[in-house]
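Q: Please take a close look at one part of this structure, the strand pairing around a central strand and the packing that surrounds it. A connected account in formal terms would be appreciated.

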Amino acid sequence: MKPKSLEKLRLPIMVAPMFLVSGPDLVIESAKAGVVGAFPTPNCRTIAELDSWMNKVSAETKEADGLWAANLVTHRTNDRLIDDLALVAKHKPPIVITALGSPAPAIPVVHEYGGIVLADVVNLPLAKKAAKAGADGLVAVSAGAGGHTGHLSPFAFLSALREFFDGIICVGGGISDGAGVAGAVAAGADIVYMGTRFLAAKESLAVPDYKEMVVQSSIDDILVSAAITGTSASWLKASLENNGYNLSDLTMPKERNYGGADVGKRWKDLWAAGQGVGAVKTKAPAKEIIENLFQEFQKAQARISQY
Ligand SMILES: Cc1cc2nc3c(=O)[nH]c(=O)nc-3n(C[C@H](O)[C@H](O)[C@H](O)COP(=O)(O)O)c2cc1C
């Protein structure tokens, strides 16, 4: 059964939050087209900018009766968390996703206005901790995901999570078409996290050359390595090569951090994408991508119903 908080969706998809890629237009157009739009709060350099983004997104999605999500870094290195949470309380995103730390700091704030908190997890210990902390849902980031990736098969991960968790499960990682969405829902997911499929969308903030590389790339053009940020992430090989990296010898950076000054460069010049990159054929508006996903989803439903 569809969770009540996701009932109004046309398709069980969340356009995943992407650093330097997700902006208000992508979030709003996604929400208007009947899926969840999301952005990571670090995409706003200042609290004033975040206030203005949230103001716009909240007003325009409310008008369209759409759903949106803010993705917060709850890791102790995020010294803006208190300010981010104050803006969450002010603008009331229906969904808050916590990443790189416990969902606990967000839960009372979000529950106060009736929103839900989903915790981004990549393994069972993290999932169990998040469930124990009271998260309403889990975002199971699995193998094949763009950006910082998981390692577990989405299907195996879903089954393992469903053994102890009956809240909302959002699964992501290499799911880039409507058939994948139908498969994930059949396997126990409530919603699918989809980043890569929207990288080249008209509303994405990715620079034109990045979008073009995404359109031209296939699954073979992806490399997973921890060498760039200290955590396993999925990159477009060509962008590493264009920046002087030797693919057979990526050296470990000196510092491992998530918010340091040099991280921007990594995502700005070194471009991330997941294994589903081959599904991106055009730089279409989000609305058109979502319409195509809907058609693909319906075809998959018809295929499943033959058995
Ligand atoms: C360019 C890029 C940037 C990303 N930035 C973030 C981020 O800032 N925070 C986050 O939690 N996940 C981030 N992700 C991961 C996505 O939210 C999501 O887990 C992933 O895109 C799902 O897999 P898919 O790319 O195969 O659809 C990023 C992914 C990409 C491709």
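A: In this predicted model, Ile-13 stands opposite Val-192 of strand E9. This contact belongs to the pairing of strand E1 (residues 13-15) with E9, which runs in the parallel sense over three bridges. Val-192 also has a counterpart in strand E8, where Val-171 stands opposite Val-192. Strand E8 (residues 168-172) is joined to E9 by three bridges, and these two strands run parallel. Between E8 and E9 the chain passes through helix H7 (residues 178-186), and the resulting β-α-β crossover is right-handed.

The surroundings of E9 can be described face by face. In a regular strand, side chains alternate between the two faces of the sheet. Strand E9 (residues 191-194) is covered on both faces: Ile-191 and Tyr-193 are buried on one side, and Val-192 and Met-194 are buried on the other.

Val-171, the residue of E8 opposite Val-192, also appears in the description of the nonpolar packing. The largest nonpolar core has 60 residues, and Val-171 is one of those with the most contacts inside it, together with Leu-11, Phe-198, Tyr-210, Val-214, Trp-235 and Leu-236. Helix H11 (residues 286-305) gives the most to this core, contributing seven residues. Leu-11 touches Gly-34, Val-35, Ile-290, Leu-293, Phe-294 and Phe-297, when residues up to four places away in sequence are not counted. Phe-294 has a further neighbour in Arg-10, which lies over the face of the Phe-294 ring at 3.8 Å from the ring centre.

Trp-235, another of the residues with the most contacts in the core, is linked by ring pairs with Phe-19 and Trp-267 into a cluster. Strand E11 (residues 233-236) pairs with E7 in the antiparallel sense over two bridges, and Ser-234 in E11 is the bridge partner of Gly-147. These strands form part of an open sheet of three strands, in the order E7-E11-E10 and with antiparallel pairing. Strands E7 (147-148) and E10 (222-225) stand at the edges with a single partner strand each, so one side of each has no neighbour in the sheet.

A second core, of 20 residues, lies apart from the largest one and includes Cys-44, Trp-68, Val-110 and Val-117. Trp-68 leads to the aromatic pairs, of which a search of the whole structure finds five. The ring centres of Phe-39 and Trp-53 are 5.2 Å apart with the planes at 65°, so this pair is edge-to-face. It links distant parts of the chain, with Phe-39 in strand E2 (residues 36-40) and Trp-53 in helix H2 (residues 47-63), 14 residues apart. Both Phe-39 and Trp-53 are buried. The rings of Phe-39 and Trp-68 have centres 6.3 Å apart and planes at 0°, so that pair is stacked. This second pair joins strand E2 to strand E3 (residues 68-73), where Trp-68 is found, across 29 residues. Trp-68 is buried, as is Phe-39.

How values were computed
Residues are numbered from 1 along each chain as its sequence is written. This is a predicted model: local features need pLDDT of at least 70, side-chain atom pairs count only at pLDDT 80 or more; totals for chains, interfaces and linings use all residues. Side-chain values use heavy atoms; hydrogens and water are left out. Two strands pair if DSSP finds at least two bridges between them. Helices (H or I, at least four residues) and strands (E, at least two) are DSSP runs, numbered from the N terminus. Rings of Phe, Tyr and Trp (its six-membered ring) pair if their centres lie within 6.5 Å; planes under 30 degrees apart count as stacked, over 60 as edge-to-face and the rest as tilted. Buried means under 20% relative accessible area, exposed over 50%, partly exposed in between (1.4 Å probe, protein chains only). A charge sits over a ring if NZ of Lys or CZ of Arg is within 6 Å of the ring centre and within 35 degrees of the ring normal. A crossover is right-handed if, with the strands pointing away from the viewer, the path from the first strand over the helix to the second runs clockwise. A nonpolar core is a set of buried Ala, Val, Leu, Ile, Met, Phe, Trp, Tyr and Cys residues joined through side-chain atoms within 4.5 Å. Contact means heavy atoms within 4.5 Å.
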